[in-house]
Amino acid sequence: MKRLLTALALFVILGAAAPSCPPKPPPPTTTTTTTSTTTTSTTSTSTTSTSTTSTTAPTTSTSTTTTTSTTLPPPSAEPPTPADYGFPSCTGPGRTVVRPFPAGTTITSRWRAEAPPANTTYDLTGVTSTAQPSSSYPFSFGTGNDGASAGYRTCFLGGRLADRFGDPPGIDWRTAHDTYNASCVKGVGREWYQILGTVCRGIQDGFRPQESGVNVNNTRFVISDTYVANVMDDCIENDYITAGVVLDSLWDGCHTGISERPSSDRCWVTPPGEQLIVDHLLLRLRPYQLDEGFGYGRLFKFVDNCAEDGQPRTHNDLVIRCSTFLVPDYRLDGGTDGMQVPPGTTVDDSGCPDDPTTIVWLGGGNTYPGDLRGLPIRTVTDRGYWDAKAAEWLARHPGT
């Protein structure tokens, strides 16, 4: 968090170029073969009425042991910060920092700032919410008057949601969706807003970013250094199609990954070039009990209700940088529908050439079966690769 709070106060409305990272050595893979030979002597004795004969015969046995080490990702270079993408410091000059509660406080009902004044930072570092199960958002800002009261340039820091559902939860996906349909943080803002350092366990959705009106295209967001787990639907539900950046976050167990699917029959055309960028994101899918069985959602839920073949698109152009995704298995129907990357996706690993974007696929075979549209996304079939990535992230974010 200290790195985020001391970031340079630089703001650029347009998307920034990918920050560069220093080159790293390639990951080592070591195979060791050991052959051992053992010789023993066996003595047999035969006796006749006139003589005794002893025979000693050597016996040789050979065993070979082959040990192959796991290919581990190289240590990550310093990930980019919100400042690298043009977002200013949340505690810099001209900002009002508000601490609604002292660190160590546990709150049992929702916290919200319906109409934040411009340039306000809400610091909930060290504050824990137990306001679940509920259909209300544990943390929200700018949500008054259906978003029309959204503030300019809001920051939300910290905040922790304690898991009250149990892991695994004692309810199925349908009950969670219909009865407890909330996200850990809902943010609505103008010009830009930031959600930094939030930890959420046990919730329907992780984050729900939103503009102050439908398709008004008047804001962008950054979500950075966040952790979510036991998410019963979307890691992020960006169904109002807001431009944004997800940075250096570990989303360790969601039914569905990233959603950009407007509800019902809502249709609009997103401006060309509007992007959702994920940079140094670690995202793992996990199964939940569905109506049709126990299984997984989509990695990218970019279903376009309004266009043929994705043109013109309602969803953002997805840009993936230096990220890792774990997909444990096929969806329930056994097919690959819903396992593809969205049309218009770009993969830019120029900042991490030795540690590129990777899908850890555990469903059998050596190649991820979903349509990657020819993009340079590699497949790894070793769960240890994900575990090493997650452990490294947690080591850089103590107290998560």
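Here are some notes on the disulfides, one strand neighbourhood, the largest pocket and a buried serine.

1. Before anything else, keep in mind that this is a predicted model. Residue numbers count from 1 along the chain as its sequence is written.

2. Let's start with the disulfides. A search of the whole structure turns up 4 of them, and three are worth a walk-through here. As a quick reminder, a disulfide is a covalent bond between the sulfur atoms of two cysteines.

3. Take cysteine 184 and cysteine 200, whose sulfur atoms sit 2.0 Å apart in a disulfide. The pair links distant parts of the chain, with cysteine 184 in strand E9 (residues 183–196) and cysteine 200 in strand E10 (residues 199–203), 16 residues apart. The link is left-handed, with -75° about the S-S bond. Cysteine 184 and cysteine 200 are buried.

4. Next come cysteine 235 and cysteine 254, also a disulfide, with 2.0 Å between the sulfur atoms. Cysteine 235 belongs to strand E13 (residues 227–237) and cysteine 254 to strand E14 (residues 243–259), so this link ties together parts that are 19 residues apart in sequence. Here the angle about the S-S bond is 105°, and the link is right-handed. Cysteine 235 is buried, and cysteine 254 is too.

5. Then there is the disulfide from cysteine 322 to cysteine 352, at 2.1 Å from S to S. In this case the cysteines are in loops: cysteine 322 in the one between strand E19 (317–321) and E20, and cysteine 352 in the one between strand E21 (346–347) and E22. They are 30 residues apart, so to speak of distant parts of the chain is fair, and that is how the pair is described. The link is left-handed, with -100° about the S-S bond, and both cysteine 322 and cysteine 352 are buried.

6. Now look at strand E22 (residues 358–361). Thr358 and Val360 point one way, Ile359 and Trp361 point the other way, and all are buried. That fits the usual pattern: in a regular strand the side chains alternate between the two faces of the sheet.

7. Which strands pair with E22? One is E20 (residues 324–327), which runs parallel to E22 and is joined to it by 4 bridges; in this pairing, leucine 326 stands opposite valine 360. Another is E23 (residues 378–380), paired with E22 in the parallel sense over 3 bridges. There, threonine 358 of E22 stands opposite arginine 378 of E23.

8. On to the largest pocket, which holds about 680 Å³ of space. Its lining has 33 residues, and the closest to the centre are Trp173, His177, Asp233, Arg261 and Lys301. By class, the lining has 16 charged, 9 polar and 8 nonpolar residues.

9. Where does that lining come from? Helix H2 (173–179), strand E11 (205–210), E13 and E14 each supply at least two residues. The largest share comes from E11, with 4 residues. Note that E13 and E14 are also the strands that hold cysteine 235 and cysteine 254.

10. Finally, have a look at serine 140, in strand E7 (residues 139–141). Is serine 140 buried or exposed? Serine 140 counts as buried because its relative accessibility is 0%. Its side chain makes a polar contact with the side chain of arginine 110, at 3.1 Å.

Definitions and conventions
This is a predicted model: local features need pLDDT of at least 70, side-chain atom pairs count only at pLDDT 80 or more; totals for chains, interfaces and linings use all residues. Side-chain values use heavy atoms; hydrogens and water are left out. Buried means under 20% relative accessible area, exposed over 50%, partly exposed in between (1.4 Å probe, protein chains only). Two strands pair if DSSP finds at least two bridges between them. A disulfide is a pair of cysteine sulfur atoms within 2.5 Å. On a 1 Å grid over the protein atoms alone, a cavity is a set of points where a 1.4 Å probe fits but cannot get out, and a pocket is an open set with protein on both sides within 12 Å along at least five of seven lines; lining residues have an atom within 4 Å of a point. Grid points are joined across faces, edges and corners, and a volume is the space filled by probe spheres set on the points. Ala, Val, Leu, Ile, Met, Phe, Trp, Tyr, Cys and Pro count as nonpolar, Asp, Glu, Lys and Arg as charged, and the others, Gly among them, as polar. A polar contact is a pair of N or O atoms within 3.5 Å; within protein, one must be able to donate a hydrogen and the other to accept it, and residues adjacent in sequence count only if both atoms are side-chain atoms.
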